[in-house]
Structure formats: structure tokens, C-alpha cells
Amino acid sequence: MATYQFPKQTIADVPIRGRTVLVRVDYNVPLENGRITSDFRIRAELPTLEYLLKQGARKVFLIAHLGRPEGVARELSLRPTAVDLAKLLDEPVDFVEYVPGVLGKPEDVAAATSRVAVLENLRFSEAEETDSEDFARALVEATGADLFVQDGFANVHRKHASMDAITKLLPAVAGYLVEKEVADVMKAIHDPVRPLLTIIGGAKVEDKAPMVEKMLEVADEICLGGKFAQDYTPPESEKILMPVDARKDAEGRSLDIGDRSAVAIVEAIDRAETIIWNGTVGMAEEAEFARSSELIATALGQSGKTTIICGGDTTGFVLNYQEKYRDLKYTLISTGGGASLELILGEPLPGLDCLLDK
């Protein structure tokens, strides 16, 4: 089988020097009292931004959303991301309080003097989520952009103005984060080094059952865990490994897979060469019921194999665990929850489909 080739043009395929670039990033970061508690998503965008600056972009404007505000919500301002980004880039980054039709004026954008500027939370306007072309046009005109870069992988499954409508107004290519996320996942599914193992946990049957069905087509082995495994009746298949024991709370509720089940998954990891993990196998937000997920995270991080970590809860868990054990290495810790799942399932991704083809 041929090696997977990313089908869209990227920033490496187009001239950058002298251009004003509008970049859709994923800055939906966790905040606590106005402070960013994890800048993983901001760091993940750095290769694209550094490339654009190194290649001589005249100006780079970043657009993004944060949370689910209903109208203007100051506690969900993107201002802290501009502060964090300035430290990471080691150069000034302007923050512009501009959202078309809601906050600021186009002149505020034009007044930004730094090479990089972050605009305010796009979701302060409902026009963002209705895929308004007028909203997208206002962003293009205010920034004076002549190139659009899609690098907000976590949102490519949404048909929003900053993902879809804007590509009708500017030539649109992928950034390095989108390229890496898509290429790593698609190669793991369609051209893996075998055996391919998938570990599926979490809680909701309606979310994870389609993934089991998809993986029955492509994986060599599938391990199930979490509340999902308790509530789900799997198809009959020799590929599927179900938990055989559980760790329970004082009320007798099964909140983690047991030691024998966890060891069986680690043994499956030893047999595999490519592993996709989506969904913790217990209530990992509580230390007592995170033991099996920690065992899996350790085995994957020490394996030296192709390891794809996807799903919002799983990604957050692994990132926190990696903070304590920095020697653990993974091929991809995805920034996307729903986007990575829909990519795996082969669902349409509007924010990717609309980019220029190779």
C-alpha cells in the first residue's frame, strides 16, 4: 500500500515573503482566574508561525475562539494567549480587541505595529458559527490579508466562518499542525506498521461504538475499557479484548478496569507496532481510578513505537501525566477531540476539504 500523502497545499507550497497572512489557530486553552493553565495548544502552533516569520511574512494575524460565549464575555478574552505567545516567540505580539460587528473597528487592526497580532474571540459574534461570508469578508478587509492558513485542527470538523467561508475569499492552505495531525492519523489507519492496536475507552457508547466498527475493518486488535466497555455490547470478533475485572468504589461502582485487564492491554501494546488510544479506561480525573490509564500511558510512552493519542479527555490526561514523567514520548498527542474522531471515521471535515488541492 502506498504511503499516505497529505492531499492539500501547505505553507511550504506557496510564496510567503511580503504577504499578510491570516492564520486560523486553536487557542481554546484552559483558563483559571484569567491565567492559562496549559499552553499546549499555543505551543503546537509554533512551527507554523515560526516558518511564516522566517520566510518573511510582512504581517501575521491570528484568529481563534475560546469557550462557548453567548455574546461578549470578558472572562473568555483571548488577551492572555497574546501574552503567552509573546514569551514563546520572544518578540512583541499585539492583541487587537476586534470582532466584526461586535467589538472595535477595522482601524484598530491596522494600528497593530508588531509582526504578529491576535484578534479577539471570534465567538463573541454569532456570525462565526453561522459561517457568515460577510463576517469573513470583514476579517479579510480589516487585516488586509492575501493568504489564509488553516492550522486550527481541533475545529476542522466545523463549518464556521473562520474555517469555511473565509476560504472563498482568500487562497487557503494548511499549516504544519493540520498537516501533521491529519498525516499521522491517516497513516496509522491506512498504512500502519503492523500489528495495529486500538485502545478505546471513555464513557459514551454513541461516540465510541462507530470507532469500534471502523477499527474492526483496519485494526489487528482492539482493547476496550472505561464506562463505554460496561455499557457496550460488542460485535463478535476475535480482535476485541474486553475487560475481565474492575476497580470499584465503596458503593460497588466499577470506575476503572482492574489489574488483570490493564496488564492484558500492556501485553497487547508489546505485540503491536502502531497504537491508537482514544478514551481513558477509567475515571482518570480521580487518582484512585487513574491507575490503569497511567499504566497504559507509561507503556505507550516507553514503547518507542508509533503512538497516536486522541480525544480531548485522553489528550489532557496524557499531557498532565507527561508533566510528571517527561521521559515519556508519543508520536502524536492530538489537539483535536471531535475532529480527530471524525477524521478516523472518514467523516467530512469542512475546514480541511475547502483548502487548495495539491
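**Exercise 1. Classify D90 as buried, partly exposed or exposed, and describe its backbone.**

Step 1. D90 is exposed because its relative accessible area is 69%, where buried means under 20%, exposed means over 50% and partly exposed means in between, with a 1.4 Å probe and protein chains only. The areas behind these classes come from the Shrake-Rupley method with a 1.4 Å probe, and for residues only the protein chains shown count as cover.

Step 2. This is a predicted model, in which local features need pLDDT of at least 70 and side-chain atom pairs count only at pLDDT 80 or more, whereas totals for chains, interfaces and linings use all residues. Residues are numbered from 1 along each chain as its sequence is written, and side-chain values use heavy atoms, with hydrogens and water left out.

Step 3. D90 lies in the loop between α3 (79-89) and β5 (93-96), helices (H or I, at least four residues) and strands (E, at least two) being DSSP runs numbered from the N terminus. Its phi is positive, about 60°, although D90 is not a glycine.

Step 4. Most residues other than glycine have a negative phi, and most peptide bonds are trans.

**Exercise 2. Locate D131, state its phi and assign its exposure class.**

Step 1. D131 belongs to the loop between β6 and α5, and its phi, near 60°, is a positive value in a residue other than glycine.

Step 2. With a relative accessible area of 18%, D131 counts as buried, whereas D90 counts as exposed at 69%.

**Exercise 3. Find the chain segments that the salt bridge between E128 and R24 links, and classify both partners.**

Step 1. Side chains of opposite charge can pair when their charged atoms come close. The criterion used here is a side-chain nitrogen of Lys or Arg within 4 Å of a carboxyl oxygen of Asp or Glu, and by this rule the count comes to 22 salt bridges.

Step 2. E128 and R24 satisfy the criterion with an N to O distance of 3.5 Å. This pair links distant parts of the chain, 104 residues apart, with E128 in the loop between β6 (116-119) and α5 (133-143) and R24 in strand β1 (residues 20-24).

Step 3. E128 is buried, its relative accessible area being 0%, and R24 is likewise buried at 1%.

**Exercise 4. Examine the salt bridges D26 with R41 and D220 with R194, together with the peptide bond between R194 and P195.**

Step 1. In the salt bridge of D26 with R41, the closest N and O atoms are 3.0 Å apart. The two residues lie 15 residues apart in distant parts of the chain, D26 in the loop between β1 and β2 (31-32) and R41 in helix α1 (residues 40-44). D26 is counted as buried because its relative accessibility is 1%.

Step 2. For D220 and R194, the closest N and O atoms of the salt bridge are 2.9 Å apart. Here the link spans 26 residues, from R194 in the loop between α6 (176-190) and β9 (196-200) to D220 in the loop between α7 (205-218) and β10 (221-224).

Step 3. Both partners are partly exposed, D220 at 36% relative accessibility and R194 at 42%.

Step 4. R194 is also joined to P195 by a cis peptide bond, with omega about 5°, and P195 is found in the loop between α6 and β9.

**Exercise 5. Describe α10 by its span, its buried residues and the residue just after it.**

Step 1. α10 contains 13 residues and reaches 18 Å from its first C-alpha to its last, close to the 18 Å expected at 1.5 Å a residue; the expected span is 1.5 Å times one less than the number of residues.

Step 2. Its buried residues are S292, S293, I296, A297, A299, L300 and G301. An α-helix has 3.6 residues a turn, so residues three or four places apart point the same way.

Step 3. Just after α10, G304 takes a positive phi of about 70°.

Step 4. R291 takes part in a network of salt bridges that also links R247, D256 and D259.

**Exercise 6. Place E286 along the chain and give its exposure class.**

Step 1. E286 lies in the loop between β14 (274-278) and α10 (291-303).

Step 2. It is partly exposed, because its relative accessibility is 37%.
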